[in-house]
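Notebook open, structure loaded. I want to look up a few side chains and a couple of helix pairs, and write down what I find.

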Amino acid sequence: MNGSGSGRGRRIVLWRHGQTAWNLERRFQGSTDIELTEVGVGQARRAARLLASLKPDAIVASDLRRAAATAAELAAVTGLGIAHDPGLRETYAGAWQGLTHEEIVGRFGEQYAAWKRGEPVRRGGGELETEVADRAAPVVLEHADKLPDDGTLVVVSHGGTIRTTIGRLLGLESHHWEGLGGLTNCCWSVLGEGARGWRLLEHNAGTLPEPVLGDDD
């Protein structure tokens, strides 16, 4: 399923977009198309300089403005083009979108609690997390399959979509996906190709990966 049985040494960097005004207000964005703040642009610029040193081979991004603008900063330093794909958009969450965390807990308390327990919930009448993985993971794998041996793909997306995609690529059952913590704005996670498929090498990182030295490498 993960297309990584060949052991070609590829890497996938899943990079969350920079800060938006709704992030600051703890407003649920979902698929609402919100722009980066000035701080968010600065975060993307700083992270892009770090990620460029990984010498990525390709960039694919959500077509929502906050992700597209983040990806543009990496394209500017690397000279790479960007493939934009709506399959990488954040979870559509219907009535939750635009509400603050407190408003969601107040109006949809049982639904929120069920989601946090790992139950399949259509938050606000929107998508299931497994449906997000169904649309996003194939996009990531399609682009990863085009990489050269030892190549690196940067995927610019959203916190929820990245978490579900990582869960799917690692082969975790969906009720365990919540065990992957959230991503800070403009931080990233790194999947590497191991003998048995994709492995999570870095999660919510803001600095460059260091080699694992020890008995588990």
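Arginine 163 came up first in my notes. Leaving out residues up to four places away in sequence, I found arginine 163 touching Trp115, Glu129, Trp177, Glu178, Leu180 and Gly181. This is a predicted model, so I am reading computed positions here. Arginine 163 belongs to helix 7, which covers residues 159–169.

Is arginine 163 buried or exposed? I got 8% relative accessibility, and the cut-off for buried is under 20%, so arginine 163 goes down as buried. I also checked its side chain for polar partners: a polar atom there lies 3.4 Å from the backbone oxygen of tryptophan 177.

Next entry, another arginine. Arginine 46 is in helix 2, residues 38–52. Its relative accessibility is 42%, so I noted arginine 46 as partly exposed; the partly exposed class sits between 20% and 50%. I also looked up how arginine 46 stands to glycine 181: C-alpha to C-alpha they are 23 Å apart, with their positions 135 residues apart in sequence. Glycine 181 is one of the residues that arginine 163 touches.

Now the helix pairs. Two packed helices are described by the angle between their axes and the distance between the axes, so I wrote down both.

Helix 6 (residues 129–145) packs on helix 7 at about 75°, and the axes are 8 Å apart. Angles from 65 to 115 degrees count as roughly perpendicular, so that is how I logged helix 6 and helix 7. Who meets whom in this pair? From helix 6 I listed Glu129, Thr130, Val132, Ala133, Asp134, Ala136, Ala137, Val140 and Leu141; from helix 7, Thr161, Arg163, Thr164, Thr165, Arg168 and Leu169. Sorted by class, this contact has seven nonpolar, four polar and four charged residues. Arg163 turns up again here, and Glu129 is also among the residues I had listed as touching arginine 163.

Helix 2 and helix 3 (residues 65–78) were next. I have them packing at about 40°, with 8 Å between the axes. That makes the two helices oblique to each other, and their crossing is right-handed. Helix 2 puts Val41, Ala44, Arg45, Ala48, Leu51 and Ala52 into the contact, and helix 3 puts in Thr70, Glu73, Leu74, Val77 and Thr78. I counted the classes here too: seven nonpolar, two polar and two charged.

Leu51 led me to valine 13. Valine 13 is in strand 1, residues 11–16, and I have it as buried because its relative accessible area is 1%. What does valine 13 contact, leaving aside neighbours within four places in sequence? I listed Leu51, Leu54, Thr152, Leu153, Val154, Val155, Trp188, Ser189 and Val190. For valine 13 and leucine 51, I noted 38 residues apart in sequence and 8.8 Å apart in space, C-alpha to C-alpha.

Last one: asparagine 185. I found it in the loop between helix 7 and strand 5 (188–194). With 16% relative accessibility, asparagine 185 counts as buried. What does its side chain reach at 3.3 Å? That is the backbone oxygen of histidine 17. Not counting residues up to four places away in sequence, asparagine 185 touches Arg16, His17, Gly18, Gln19, Asn23 and Gln43.

Terms used: Residues numbered from 1 in each chain as written. Predicted model: local features only at pLDDT ≥ 70, side-chain atom pairs only at ≥ 80, totals over all residues. Heavy atoms only, no water. Helix = DSSP H or I, 4+ residues; strand = E, 2+ residues; numbered from the N terminus. Buried < 20%, exposed > 50% of the residue type's maximum accessible area, 1.4 Å probe, protein only. Polar contact = N/O pair within 3.5 Å; in protein donor to acceptor, adjacent residues only side chain to side chain. Contact = heavy atoms within 4.5 Å. Axes fitted to C-alpha atoms, helices over the stretch in contact; angles between N-to-C directions. Parallel < 35°, antiparallel > 145°, perpendicular 65-115°, else oblique. Left-handed = near helix turned anticlockwise from the far one by under 90°. Nonpolar A, V, L, I, M, F, W, Y, C, P; charged D, E, K, R; others polar.
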